[in-house]
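Me: Hi! Could you walk me through this protein model in plain words?

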Amino acid sequence: KGLTKASVHAILNANYMASRLSEDYEILYKGENGTVAHEFILDVRPFKDSANIEAEDIAKRLIDYGYHAPTMSWPVTGTLMVEPTESESKDELDRFCDAMIAIRKEIAMVESGQLDPVNNPLKNAPHTQDVVMAEKWEHPYSREMAAFPIGYLKDFKFWPTTSRVDNVFGDRNLQTTLCCDDISAYAQAE
């Protein structure tokens, strides 16, 4: 019974979110009755042509809203796969949907020319506390738009510790500076 109930909630959560986001994003692979399974795919590929915004830009911007990015570019390149679990509350689902809808509005601002096509909150995300609090601000959008793009963040802000990095460079040149002894300290004595 428990597994069935959990599965029902996961499917309900995914369909609720897909329905809320369907006016702002195309949902790929819906069933004959317009529903999705326990996950759904947001097609963000059109934004590359309309605003030079890609899945990675949206994923990084989600960090500013306090969310870890959903799966990117799998199973469809240039998309985001959202898989809400059965344990998320409706309030949390709504907060995520509100963040995605607000991000779509930011994309529309790039499309309309209200935001710079290169120097905008999506391309510069995530925004760390150090960046936002620095004396010098060199962006054509406000610090508030960078760090607090939606109301609830003023009370519940999670600050990312790192701004955007070159993913390929980071993958090839992994460095840790937070803790730990040198790796040789873990070698077994011979």
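Reply: Sure, here is a chat about charged pairs, rings, one histidine and the nonpolar core.

Reply: This is a predicted model, in which local features need pLDDT of at least 70, side-chain atom pairs count only at pLDDT 80 or more, and totals for chains, interfaces and linings use all residues. Residues are numbered from 1 along each chain as its sequence is written, and side-chain values use heavy atoms, with hydrogens and water left out.

Me: Thanks! How many salt bridges does the structure hold?

Reply: There are 13 salt bridges. The term stands for a side-chain nitrogen of Lys or Arg within 4 Å of a carboxyl oxygen of Asp or Glu.

Me: Why would such side chains pair up?

Reply: Side chains of opposite charge can pair when their charged atoms come close.

Me: Which residue does arginine 20 form a salt bridge with?

Reply: Its partner is aspartate 94, and the closest N and O atoms are 3.0 Å apart. Arginine 20 lies in helix H1 (residues 2-21) and aspartate 94 in helix H4 (residues 90-112), so this salt bridge ties together parts that are 74 residues apart in sequence. As for the names, helices (H or I, at least four residues) and strands (E, at least two) are DSSP runs, numbered from the N terminus.

Me: And is aspartate 94 buried or exposed?

Reply: Aspartate 94 is buried, with a relative accessible area of 15%. Arginine 20 is partly exposed, at 26%. Here buried means under 20% relative accessible area, exposed means over 50%, and partly exposed is in between (1.4 Å probe, protein chains only).

Me: Which residues are linked with Arg20 in a network of salt bridges?

Reply: Arg20 shares that network with Lys90, Asp94 and Asp98.

Me: What about aspartate 43, which residue does it meet in a salt bridge?

Reply: Aspartate 43 meets arginine 45, at 2.8 Å from N to O. Aspartate 43 is buried, with a relative accessible area of 7%, while arginine 45 is partly exposed at 38%.

Me: Where do aspartate 64 and arginine 61 sit?

Reply: They are both in helix H3 (residues 55-64), three residues apart, which means they are separated by about one helical turn. Their side chains meet in a salt bridge of 2.8 Å, N to O, and both residues are buried.

Me: New topic: rings! How many aromatic pairs are there?

Reply: The count comes to four aromatic pairs. Rings of Phe, Tyr and Trp (its six-membered ring) pair if their centres lie within 6.5 Å; planes under 30 degrees apart count as stacked, over 60 as edge-to-face and the rest as tilted. The rings of tyrosine 25 and phenylalanine 47 have their centres 6.0 Å apart and planes at 80 degrees, so this pair is edge-to-face. It links distant parts of the chain, 22 residues apart: tyrosine 25 is in the loop between H1 and strand E1 (26-28), and phenylalanine 47 is in helix H2 (residues 46-51). Tyrosine 25 is buried, at 2% relative accessible area, and phenylalanine 47 is buried too, at 6%. Tyrosine 67 and phenylalanine 96 also form an edge-to-face pair, with 5.2 Å from centre to centre and 90 degrees between the planes.

Me: Which ring does the charged end of lysine 157 sit over, 5.0 Å from its centre?

Reply: That is the ring of tryptophan 159. Lysine 157 also lies over the face of phenylalanine 148, at 5.9 Å from the ring centre. The rule asks for NZ of Lys or CZ of Arg within 6 Å of the ring centre and within 35 degrees of the ring normal.

Me: Switching again, where does histidine 38 lie?

Reply: Histidine 38 is in the loop between E1 and strand E2 (40-43), and counts as partly exposed at 35% relative accessibility. Its side chain makes a polar contact of 3.3 Å with the side chain of glutamate 83. A polar contact is a pair of N or O atoms within 3.5 Å; within protein, one must be able to donate a hydrogen and the other to accept it, and residues adjacent in sequence count only if both atoms are side-chain atoms.

Me: Last one: how many residues has the largest nonpolar core?

Reply: That core has 38 residues, and those with the most contacts inside it are Phe40, Leu42, Ile58 and Met100. H4 gives the largest share, 10 residues. A nonpolar core is a set of buried Ala, Val, Leu, Ile, Met, Phe, Trp, Tyr and Cys residues joined through side-chain atoms within 4.5 Å.
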